[in-house]
Amino acid sequence: MRTEPPADSADGRVPAPRPGGRAEARRAAQGKGTAGKGSTTGKGPAGRGAAGKEAPGATAAGGRAAARNSRKPKRNLKKIVAWSAAGVLVLLAGTGGAIYYKLNGNIKSFDPDAIATDRPPEAVADANGNKPVNILLIGSDSRAGKNSDLGGGNEDGARSDTTILLHVYADHKHAVGISIPRDALVTIPACKLPNGKWTKESPGQMFNSAFSVGNSESGNPACTQNTVEKLTGIRVDHTIEVNFEGFAAMTEAVGGVDVCLPNDVYEGHLNPNLGKKGKVVLPKGKQKLAGQKALDYVRLRHGIGDESDVGRMKRQQAFLASLMAKVKGEGLNPTTLLPLADAATKSMTVDPGLDSAKKLMDFALSMKNIDLHDVKFLTTPWRYNGPRIDLVHPAVDNLWKTLQADRTIDGEDATGKQEDAPQTPTAAPETTPAAPPPPAAVEGPPVKVAVYNGTTASGLAAKAAETLKAAKVTVTGVTTAKNTNKATTTVEYGSGQKANAEKVAAMFPGSTLTPTSAAGISLVLGKDYAAANATTAAAPGTPAAPAPLPTEVVNEARSADDDICSNVSYG
């Protein structure tokens, strides 16, 4: 087997295990070979002469590990599989931390004092103690360094080319990314300049100008974070900014990303100042792009649809979804993840809360259980205002309130599956309904039930709990369900609880029984129960549920597993 370069070599690859223990590893790194009988000259593989032939006594002198590796080459494959299963953190520890320190040295963070002090409150934990997380993703078009060649320009300063607010739900199994148009007119709050002074609040500014405050080569991600928090009323937990160079390197590290275009793209579309159509640079249809061409795809405006930033955001959403699918398809594979991490961190600026490789890795692994279908992308409700964009009220306000409440978009649950609303019954002659008789007491051993409100109506769980208590049922908890779009009331029961579940279901006409792997019994109230109890008053201090978003806005959302050729243009 050949000797790999050390972990701190220029290419940053993980060193292969060397035979003969640590002493021989050090000698190999210094090019001295193995001491003693059967040692090599350092020019050929361990245990072989310069010509590559096996030297006499190689098994004895090269160490037992070398002999085992030579007889059983499959052990290396098993180690790779083991590394993948154990995760990247274990891999970093196994290499003596060399790669960890390399990634750690790549990361830059912005000044914590540049974050506004007047901020939205932190998210409140749900009934299980979990909190949602909001991440601000910024793609910058700084022309500093190699970015100038990639960006095709030499303007001073930096701008935010792409901005997405990613809301990860409290269950860490669903997420929604909201694209904010760069041309949207917003209020830029007070922001810290490179000289330490603070600007004054400035209304009616293009959103991407926040990143340019101070006109520095590195941009101002803290100002963009402050602007998003003022715009949305949502606390940004983490901010991650990646420039042109980092984006291009990331796409190359994963071996390219699958994309799709509705028509051919010519040189003149990428460079309108060219003065001619030129050659086709990105053909129509599906293709795999990396490096400069991948950057051209996500920055392309001309030659597709109405040539607006709205269409470009759709392609950016499709690209991110495809990149996620590529990385997730590779699994915890060091061959893919380590070059990707190296490429990303070299051109990344983060908030102080993510300023180390460990923090970034822990954060990334906390979202490993999110399925592609459960990641949605959406653009803020908008309309044209001449060459600029206005955010549409109250639709955009309802969007922010929906995220603040960790609720789903326009009544959809986080998986994108919308349950059918209960059918409206045929109108009957109006009569005064008789009060329902009190439920009969449940006989036998005590029955315990947890109650969940599966709707946005207030006070339902407490009312159902009173019904259960009247029947001598023990209520173990009253809270809101993660899915607040349940159409039908459901009684979920674990092993051995079917008989008791049937008794509970009898108290709630129209409810259905569902066996689950969880222990005990749960009553999840649906819209049918809400309709039957529409006069229930809201509990004191309960915030009103946000109004639903317009259907046309929600229908434009894409899932990360949607076809890459769908919804990639506008106009």
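This tour moves through a predicted model, naming at each stop what to select and what is found there.

**The whole chain**

Begin with the entire chain displayed and coloured by secondary structure, which comes to 19 helices and 21 strands. The chain has 571 residues, of which 44% count as buried. Consider next the contacts between residues at least 6 apart in sequence: 69% of these join residues at least 24 apart.

**The disulfide of C191 and C223**

Select the bonded cysteines next. The structure holds 2 disulfides. In general terms, a disulfide is a covalent bond between the sulfur atoms of two cysteines.

Centre the view on C191 and C223, which are joined by a disulfide with an S to S distance of 2.1 Å. This pair links distant parts of the chain, its members being 32 residues apart. C191 is in the loop between β5 (185-188) and β6 (202-206), while C223 belongs to helix α8 (residues 221-232). The torsion about the S-S bond of C191 and C223 is about 80°, so this disulfide is right-handed.

Is C191 buried or exposed? C191 has a relative accessible area of 0% and is therefore buried. C223 counts as buried too, because its relative accessibility is 1%.

**The disulfide of C260 and C565**

Move to C260 and C565, whose sulfur atoms are 2.0 Å apart in a disulfide. Distant parts of the chain are again linked, for C260 lies in strand β8 (residues 257-261) and C565 in the segment after β21 (558-559), 305 residues apart. With a torsion of about 90° about the S-S bond, the disulfide of C260 and C565 is right-handed.

A surface display helps at this stop. C260 is buried, with a relative accessible area of 5%, whereas C565, at 31%, is partly exposed. When the bonded cysteines of the chain are numbered in sequence order, the pairing reads 1-2, 3-4.

**The nonpolar cores**

In soluble globular proteins, nonpolar side chains tend to be buried together. Which residues touch the most other members of the largest nonpolar core? Select Y297 and F319, which hold that position among its 42 residues.

Show the surroundings of F319. Leaving aside neighbours within four places in sequence, F319 is in contact with F247, T251, V257, V259, A294, Y297 and V298. Apart from this core lies another, of 32 residues; L136, V228, L378 and L403 are among them.

**Helices α9 and α11**

Select residues 244-253, helix α9, together with residues 291-299, helix α11. Two packed helices are described by the angle between their axes and the distance between the axes. Helices α9 and α11 pack at an angle of about 115°, with their axes 8 Å apart, and α9 passes α11 in a right-handed crossing.

Display the side chains where the helices meet. From α9 come F244, F247, A248, T251 and E252; from α11 come G291, A294, L295, V298 and R299. By class, this contact of α9 with α11 has 6 nonpolar, 2 polar and 2 charged residues.

**K463 and N533**

For the final stop, select K463 in helix α16 (residues 460-470). The relative accessible area of K463 is 37%, so this residue is partly exposed. Add N533 to the selection: K463 and N533 are 70 residues apart along the chain, and their C-alpha atoms are separated by 8.9 Å.

Notes: Residues are numbered from 1 along each chain as its sequence is written. Side-chain values use heavy atoms; hydrogens and water are left out. A disulfide is a pair of cysteine sulfur atoms within 2.5 Å. Helices (H or I, at least four residues) and strands (E, at least two) are DSSP runs, numbered from the N terminus. Buried means under 20% relative accessible area, exposed over 50%, partly exposed in between (1.4 Å probe, protein chains only). A nonpolar core is a set of buried Ala, Val, Leu, Ile, Met, Phe, Trp, Tyr and Cys residues joined through side-chain atoms within 4.5 Å. Contact means heavy atoms within 4.5 Å. Axes are lines fitted to C-alpha atoms, for helices over the stretch in contact, and angles run from 0 to 180 degrees between N-to-C directions. A crossing is left-handed if the near helix is turned anticlockwise from the far one by less than a right angle, and right-handed if clockwise. Ala, Val, Leu, Ile, Met, Phe, Trp, Tyr, Cys and Pro count as nonpolar, Asp, Glu, Lys and Arg as charged, and the others, Gly among them, as polar.
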